[in-house]
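Here are a few notes from my read-through, for when you have the model open. I've kept to the points I'd want a colleague to look at.

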Amino acid sequence: MTESMIWTDEEIRYLKALLSWRPSEDGDDVDEKSCLAERPAGQFMFLVLGAKGCGKTSILEKFCHGTTVEEGSPDSDEQERAYCHKMDINEETYVLNALELPHQHVSGDDQLKQAVQITEAAVLVYDIRSRTSFISAQEIYSRIEDMVQDNRLYGLALVGTNSDCEDEQRGVPWAEGRKLAESFKLGCMFLETSANTGENIDKLFPQLGDEVLKLRWLNYQRRAQTEKFSIDEQQRSIDDSSTKRVAKWKTWTRHWFQRGD
């Protein structure tokens, strides 16, 4: 956004995708009617984040459309994309709404904070051939952690792409990725995937969705406990006030009752 507060075309497309969960003007990413043709058991809103070229689009294209994005193709360019796809969890059908944020948008605190507020989980993506993308995923997690804090439980998945690469191409060992996911205080699942072979692609979003269902219940319990605590505090305050009023009444009226005796 410029100093004169004029939105660029790119920012307008981004905000449409972010705030209304609709495809961009030129986008064919979301077939929303087909997603919602049958009444689902529920919906999920997930973020997909990571460094430029780490494989975010490839994961989503493979899971939602069954297609493979070639590296360097026009479709692999960094831009906002919204996806809608049905998936089964525990024999029930849910709708996945996934928003892929370009890396340049992740660098802005306001945009990332707003995206975290309207979603329930984030998929942090890195390319196992690129240590730079691995470090970027760590940095994104740190920012999300600061935004979520103790307000609510938020789902996370750390995902390494291109697991089908040759051993000499690998820049991040599997064990190191797993260790990083386990170190995240928010709790985080870990997978390595390949859009070329399909490895773990079909597991990623349903598994994260199942985890989010558990987090929803825990968040509900936390809210109920907080509300109960607030009600108890108010009741104690009322009881204390009532006790004080009775004590004052007795003090003020003692001499009258004593005079009557």
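**Notes on the predicted model**

1. Start at the surface. W217, L218 and Y220 together make a nonpolar patch of about 330 Å². Bear in mind that this is a predicted model. If you want to find the patch quickly, go to helix 8, which spans residues 201-260 and contains W217.

2. Next, have a look at how helix 6 (residues 131-148) sits against helix 7 (residues 174-183). Their axes come within 12 Å and cross at roughly 10 degrees. Angles under 35 degrees count as roughly parallel, so helix 6 is roughly parallel to helix 7.

3. Which residues make that contact? From helix 6 it's R131, F134 and Q138, and they meet E176, G177 and L180 of helix 7. The contact is a mixed bag: two of its residues are nonpolar, two are polar and two are charged.

4. R131 and E176 deserve a closer look, as their side chains form a salt bridge, with N to O at 2.8 Å. This pair ties together distant parts of the chain, since R131 belongs to helix 6 and E176 to helix 7, 45 residues apart.

5. How many salt bridges does the structure hold? The count is six, and the R131 to E176 pair is one to show alongside the helix 6 and helix 7 contact.

Terms used:
Residues are numbered from 1 along each chain as its sequence is written. This is a predicted model: local features need pLDDT of at least 70, side-chain atom pairs count only at pLDDT 80 or more; totals for chains, interfaces and linings use all residues. Side-chain values use heavy atoms; hydrogens and water are left out. Patches are made of residues with over 30% relative accessible area and no salt bridge: like charges are joined within 9 Å, nonpolar side chains (Val, Leu, Ile, Met, Phe, Trp, Tyr) within 5 Å. Accessible areas come from the Shrake-Rupley method with a 1.4 Å probe; for residues, only the protein chains shown count as cover. A salt bridge is a side-chain nitrogen of Lys or Arg within 4 Å of a carboxyl oxygen of Asp or Glu. Helices (H or I, at least four residues) and strands (E, at least two) are DSSP runs, numbered from the N terminus. Axes are lines fitted to C-alpha atoms, for helices over the stretch in contact, and angles run from 0 to 180 degrees between N-to-C directions. Angles under 35 degrees count as roughly parallel, over 145 as roughly antiparallel, 65 to 115 as roughly perpendicular and the rest as oblique. Contact means heavy atoms within 4.5 Å. Ala, Val, Leu, Ile, Met, Phe, Trp, Tyr, Cys and Pro count as nonpolar, Asp, Glu, Lys and Arg as charged, and the others, Gly among them, as polar.
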